[in-house]
Amino acid sequence: MAQIQAIKGFADRFPDESLVFELMEDTARKIFPLYGFGELRTPIMEYTDLFCRGIGTETDVVQKEMYSIPDSKGRSMSLRPEATAGVMRAYIENGVHARESVSKFFTIGPMFRHERPQKGRLRQFHQINCECLGPKEPEADAEVICMMMEFLGKLGLKDLTLQINSLGCPQCRPKYRETLHGWLAGLEAGMLCEDCARRMTTNPLRVLDCKVPTCKALTENAPRILDNVCSDCAEHFSTVLHLLDSEHIPYQINHRLVRGLDYYTRTTWEVVSNSIGAQGSVAGGGRYDGLVAQLGGPEVPGIGFACGMERLALLMTGNAIPEKRPDFYLAVLDESCKDAAFSLAQTLRRAGFAGLFGYESKSMKATMRQAGKSNARYTFILGPDELASGQVIIKNMGTGEQRAIPTSEAAACLGAGE
Ligand code: HAM
C-alpha cells in the first residue's frame, strides 16, 4: 500500500530534537516570569477577520499565507499565522484591561503560514511569543528587549545582531509615507521590481524591505524614517536606545527595518543571525499602540516580540543540550521473574528514577546488549536465584562493577549514585 507522507512544510520532531525545544520552553518559563509575564494559551484557530483586521489586509501573511476553511455557517476560520492577534482578542474579549493596568503574557506554540518551505522556513513552525499591554513608556520597550536578549543569551546563543528602528506613529508616519512615495515616484519608471511597483502605492515602506538587489540599490538614498518622525517619537526612541546602552545591549539601527505585519508603531526590531542561511531572522517584534483599539478594544498601547523556535534550534545544534539518560534498565532473565521485576521498576519510578523495563526475558548476553543500548547508568538484573533470595544484581554501566543487593535497597543505591 502506498505510504502516507507528512504535509510539505510540516515536520515531525523526535525525542532528541524535542529536548532542544523543551530547553527553550523551560528557559522561557524561567526568565519571563521574572519580568511579570504569565503564560496565556490561546486557540490555534480564530476567525479569519481577526487576522485581516489585526495583521493587515495588504500583508503577505494575510494575502497569501493563511490556511483558511469555512465553518458550518460559511464563516471563514484560519489557523493562526502568528500569536499577537489572538492574544489581543483574548485580552479584549475577557475584559482584562478593566482588571489590570499592565498585562504581560507569553504564548508558546505552533503557527501556520503557507510559505515556500526551505531551511528555517516551515509551514507549521513554532513561536515563543511575548506581549506587554498597558505601558506606553519607553522603559517597557527596553525591558521587553532586555528580557528577549537575556532569554537568547541563556540559550547560549551568541553572534546575534539586534537591529532596531522606529516606525513613527499615526501623527508622523502618514507624512513620511507621502515623502517616501514622492521620492519613489521620482525613480526611473520600470526600475523597481513588480511587487515594489505595486507596494509603492499600497505600502511604500515595504519597498525599503525588498530583498531584490536592484530595489535595494535603488533605495539606498531614500528618505529615512528616523529623519522624519515627530519629536515625541524621536524622544521615545532615543530613551529606548539610552536604556539599551546602559544595559550594554549592542544594537544596529536599521533604517530599512519595516517588518511584514501592519500593526507596528514606534520601536520595532529584529534579531538576526548570519549562520543559518537566508532565513536569518530569529526573532522580531515591536510596539503596536493602535492594535487593541483597532480590534474593538480600548485605547491600550502594547509591545511584544516572537522568537522562531525552529530557527533557534538550528543555532543551538552543537550547543550542550543536557543529556537525558535513564537511571536504570531492568533486565529480566526468566519469565518467572517478570512480576517481581515489573513491581521493582514501578517502585523505582515512584521514587523518581527514570528507567526501562526489559520486556523480553533473554539470555544474559542478549539482555546486557539491550541494557548497553539503553544508555542507562545502572542495570538491574533479576533472575530466579536473585528472586529466591530477595536480591537483585546492580551493575554500574560506567565502571562495569556489579554486585547483589537486597531488592529493598535498589532505590537507595541509585540515589547514592553508587
Ligand atoms: P514575525 O517576524 O512574523 O513576527 O515572526 C517572528 C519570528 O517567527 C521570525 O523572526 C522567525 O524566527 C519566525 N518565523 C516566522 N515565519 C516563519 C516560518 N515560516 N518558519 C519558521 N519560522 C518562522 C510575528 O509573528 C509577530 N507576531 C511578533 C510580535 C509579537 N510582534 C509583537 N508581538
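These are my notebook entries on the ligand site and on strand β12 in a predicted model.

**Entry: the ligand shell**

I began with the residues around the ligand and found 27 of them, with Glu82, Thr84, Glu115, Leu122 and Tyr264 as the closest. Sorting this shell by class, I noted ten nonpolar, ten polar and seven charged residues. I then asked which strand gives the largest share of the shell, and the answer was β10, with six residues. β6 (124-133), β10 (281-287) and β11 (302-308) each supply at least two residues of the shell.

**Entry: polar atoms at the ligand**

I looked up side-chain N or O atoms facing the ligand: a ligand nitrogen lies 2.9 Å from such an atom of Thr84, and a ligand nitrogen is likewise 2.9 Å from one in the side chain of Glu131. For Arg113, the ligand atom is an oxygen, again at 2.9 Å from a side-chain N or O atom. Taken alone the ligand exposes 660 Å², of which the protein buries 96%.

**Entry: strand β12**

I turned next to β12 (residues 328-332) and checked its cover, finding five of its five residues buried. In a regular strand, side chains alternate between the two faces of the sheet. Here Phe328, Leu330 and Val332 lie on one side and Tyr329 and Ala331 on the other, and both faces are covered.

For the partners of β12, I found parallel pairing with β13 (residues 355-357) over three bridges and with β14 (residues 378-382), also parallel, over five bridges. Phe328 stands opposite Gly355 in β13, while its bridge partner in β14 is Tyr378. Finally, I recorded that β12, helix α13 (residues 338-350) and β13 form a right-handed β-α-β unit.

Note on methods. Residues numbered from 1 in each chain as written. Predicted model: local features only at pLDDT ≥ 70, side-chain atom pairs only at ≥ 80, totals over all residues. Heavy atoms only, no water. Near = heavy atom within 4 Å. Polar contact = N/O pair within 3.5 Å; in protein donor to acceptor, adjacent residues only side chain to side chain. Areas by Shrake-Rupley, 256 points an atom, 1.4 Å probe, with all protein chains shown as cover. Helix = DSSP H or I, 4+ residues; strand = E, 2+ residues; numbered from the N terminus. Nonpolar A, V, L, I, M, F, W, Y, C, P; charged D, E, K, R; others polar. Buried < 20%, exposed > 50% of the residue type's maximum accessible area, 1.4 Å probe, protein only. Pairing = 2+ DSSP bridges. Right-handed = clockwise from strand over helix to strand, strands pointing away.
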